[in-house]
Amino acid sequence: MKCLNGAPAVGPRGHWFFGNAREIASDPLRFYTYGAAEFGDLYPVRILNHRCVVASGPEPIEDVLVTNARNYQKHFVIRFLMPVFGNG
């Protein structure tokens, strides 16, 4: 993952196999608080072989949930369960 200026995006280092999964599972509030303080409103994490981006500030969250919501796709399990649980 790269920033808009072409530099690599920096986030918390994780285990070579588990990525950041163990840190998130053991104390999620501490992990996300540290990540926001150290890396800013947007930073990458890795959970096993999945790369994710954490949006922790009000502007990135609004961008994902409101402004550009059509550019982001929900997980297939959530899409599969929409007829049962609705579009919430």
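**View 1. Val10 sits out in the open.** At 53% relative accessibility, Val10 of this predicted model counts as exposed, because exposed means over 50% relative accessible area. Look for Val10 in the segment before α1, the helix of residues 21-26. Setting aside neighbours within four places in sequence, Val10 is in contact with Phe39, Tyr43 and Pro44. For a sense of distance, find Ile78 as well: Val10 and Ile78 are 68 residues apart in sequence, and their C-alpha atoms are 29 Å apart in space.

**View 2. The whole chain, for orientation.** Let us step back for a moment to see where the close-ups belong. The protein chain has four helices and two strands, and along the sequence they follow the pattern α-α-β-β-α-α. Along its principal axes, the C-alpha trace spans about 40 × 30 × 25 Å. How many of the 88 residues count as buried? The share is 14%. Among contacts between residues at least 6 apart in sequence, 33% join residues at least 24 apart.

**View 3. Leu48, in the loop between two strands.** Leu48 has its place in the loop that links β1 (42-47) and β2 (50-55). Have a look at its backbone: phi of Leu48 is near 55°, a positive value in a residue other than glycine. Is Leu48 buried or exposed? Leu48 counts as partly exposed, with 38% relative accessibility, because that value falls between the 20% limit for buried and the 50% limit for exposed. Not counting residues up to four places away in sequence, Leu48 touches Phe17 and Phe18. Glu38 is another residue to find here: Leu48 and Glu38 are ten residues apart in sequence and 22 Å apart in space, C-alpha to C-alpha.

**View 4. Ile61, a partly exposed residue of helix α3.** Helix α3 covers residues 58-67, and Ile61 lies in it. With 34% relative accessibility, Ile61 counts as partly exposed. Which residues does Ile61 contact, leaving aside its neighbours within four places in sequence? They are Ala55, Ser56 and Val66. Tyr43, which also appeared among the contacts of Val10, is a handy landmark in this view. Ile61 and Tyr43 are 18 residues apart in sequence, with 13 Å between their C-alpha atoms.

**View 5. Helix α4, hardly covered.** Of the ten residues in α4, the count of buried ones is zero. Val84 has its place in this helix, which runs over residues 76-85. Val84 is exposed, with a relative accessible area of 62%. What comes after α4? The helix is followed by Gly86, whose phi is positive, near 95°.

**View 6. A nonpolar patch on the surface.** Val84 appears again here, now together with other nonpolar side chains. The patch is formed by Phe76, Val77, Phe80, Leu81, Val84 and Phe85. Together these residues have about 680 Å² of accessible area. As a backdrop, the protein chain exposes about 7200 Å², and carbon and sulfur atoms supply 61% of that area.

**View 7. The charged side chains.** To finish, turn to the charges. The protein chain has 9 positive and 7 negative side chains. How far apart do the centres of the two sets lie? They lie 13 Å apart.

Technical notes
Residues are numbered from 1 along each chain as its sequence is written. This is a predicted model: local features need pLDDT of at least 70, side-chain atom pairs count only at pLDDT 80 or more; totals for chains, interfaces and linings use all residues. Side-chain values use heavy atoms; hydrogens and water are left out. Buried means under 20% relative accessible area, exposed over 50%, partly exposed in between (1.4 Å probe, protein chains only). Contact means heavy atoms within 4.5 Å. Accessible areas come from the Shrake-Rupley method with a 1.4 Å probe; for residues, only the protein chains shown count as cover. Lys and Arg count as positive and Asp and Glu as negative; His and the chain ends are not counted. The place of a charge is taken as NZ of Lys, CZ of Arg, CG of Asp or CD of Glu. Patches are made of residues with over 30% relative accessible area and no salt bridge: like charges are joined within 9 Å, nonpolar side chains (Val, Leu, Ile, Met, Phe, Trp, Tyr) within 5 Å. A salt bridge is a side-chain nitrogen of Lys or Arg within 4 Å of a carboxyl oxygen of Asp or Glu.
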